[in-house]
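Here is a quick tour of a model, written for someone who likes to know the cut-offs. Have the viewer open while you read.

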Amino acid sequence: LSYFDGTHLYEHRDPKQGYHPEWHSYLFNYGRNEVRAFLLSSAEFWLDRETTEGHRDARSLYERALEVAPDAPQAWAGLGLAHASEVYLGLAKDLATSARRARAASARAVEIAPGDFSALLSHGRSLALSREDAAAVAPLGAALELDPSSSLACSTLAGALRREGEFDRATPLYERAIRLSPRSTTVYHAW
């Protein structure tokens, strides 16, 4: 990405500040918003890959983003989802520890940005994946109010309600999730 657009968009202008002689490459200038956005986007990309390596890469990118911007709710939410996904997919070596980390990271995202869709969705999913369904209902409901077109919020909330025995509330949410994303395996898996 060095000199990507003809400027020093991702790296330091001064090579003495950010050049790695062994790798023969420039280092990111972590103070730039573009670098943080790139790291978060890269982490989201790797989180979508349902492999152990993809999730490890996503988690490490979110952790790196938090080193640079410790109060970035998107990074905390992403880290929470990375840990929660590892639990859901059975990729974590210690499921209880990963679930606890997912809840803590996503709770931090909500603490920083209480009205942020990604923070609320991450927190609700982390709680639901930990089978704390009663606690998951409020953040998932709030996320769905912010983005009524989110099939993931619909299906996750429906799953939490179903496990709580609230079938009358869960069924329309599942149906809505399927209408919103008819090809989503996540929606059908949740049913």
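## A pocket and its surroundings

Sorted by class, the residues lining the second largest pocket come out as 2 nonpolar, 5 polar and 6 charged. For that split, Ala, Val, Leu, Ile, Met, Phe, Trp, Tyr, Cys and Pro count as nonpolar, Asp, Glu, Lys and Arg as charged, and the others, Gly among them, as polar. Before going on: this is a predicted model, where local features need pLDDT of at least 70, side-chain atom pairs count only at pLDDT 80 or more, and totals for chains, interfaces and linings use all residues. Residues are numbered from 1 along each chain as its sequence is written, and side-chain values use heavy atoms, with hydrogens and water left out.

The second largest pocket holds about 200 Å³ of space. Of its 13 lining residues, Arg59, Glu86, Ala92, Lys93 and Ser98 are the closest to the centre. A pocket here is an open set of points on a 1 Å grid over the protein atoms alone, where a 1.4 Å probe fits, with protein on both sides within 12 Å along at least five of seven lines; lining residues have an atom within 4 Å of a point. Points are joined across faces, edges and corners, and the volume is the space filled by probe spheres set on them.

Which helices supply at least two residues each to that lining? They are H2 (52-68), H3 (73-88) and H4 (95-112), and H2 gives the most, with 4 residues. Helices (H or I, at least four residues) and strands (E, at least two) are DSSP runs, numbered from the N terminus.

Zooming out, the protein has 9 helices and 2 strands, in the order β-β-α-α-α-α-α-α-α-α-α along the sequence. Buried residues make up 43% of the 191; buried means under 20% relative accessible area, exposed over 50% and partly exposed in between (1.4 Å probe, protein chains only). About 10500 Å² is exposed by the protein, with carbon and sulfur atoms supplying 52% of it; the areas come from the Shrake-Rupley method with a 1.4 Å probe. Among contacts (heavy atoms within 4.5 Å) between residues at least 6 apart in sequence, 43% join residues at least 24 apart.

Now for four individual residues.

| Residue | Place | Relative accessibility |
|---|---|---|
| Ser126 | helix H5 | 1%, buried |
| Val87 | helix H3 | 16%, buried |
| Gln74 | helix H3 | 44%, partly exposed |
| Arg131 | loop between H5 and H6 | 52%, exposed |

Leaving aside neighbours within four places in sequence, Ser126 is in contact with Gly80, Ala84, Ala102, Arg103 and Ser106. With the same kind of neighbours left out, Val87 is in contact with Leu95, Ser98, Ala99 and Leu129. The C-alpha atoms of Val87 and Ser98 are 6.4 Å apart, with their positions 11 residues apart along the chain. Gln74 pairs up over a separation of 35 residues in sequence: its C-alpha is 7.0 Å from that of Ala109. Arg131 is the backbone oddity here, with a positive phi of about 60 degrees although it is not a glycine.

How far to trust all this? Mean pLDDT (the predictor's confidence in each residue, from 0 to 100) is 81 for the protein, and 80% of its residues reach 70 or more. Confidence is highest in helix H6 (residues 133-146), at a mean of 96, and lowest in helix H9 (residues 185-190), at 60. Where pLDDT is low, the predicted coordinates should not be read in detail.
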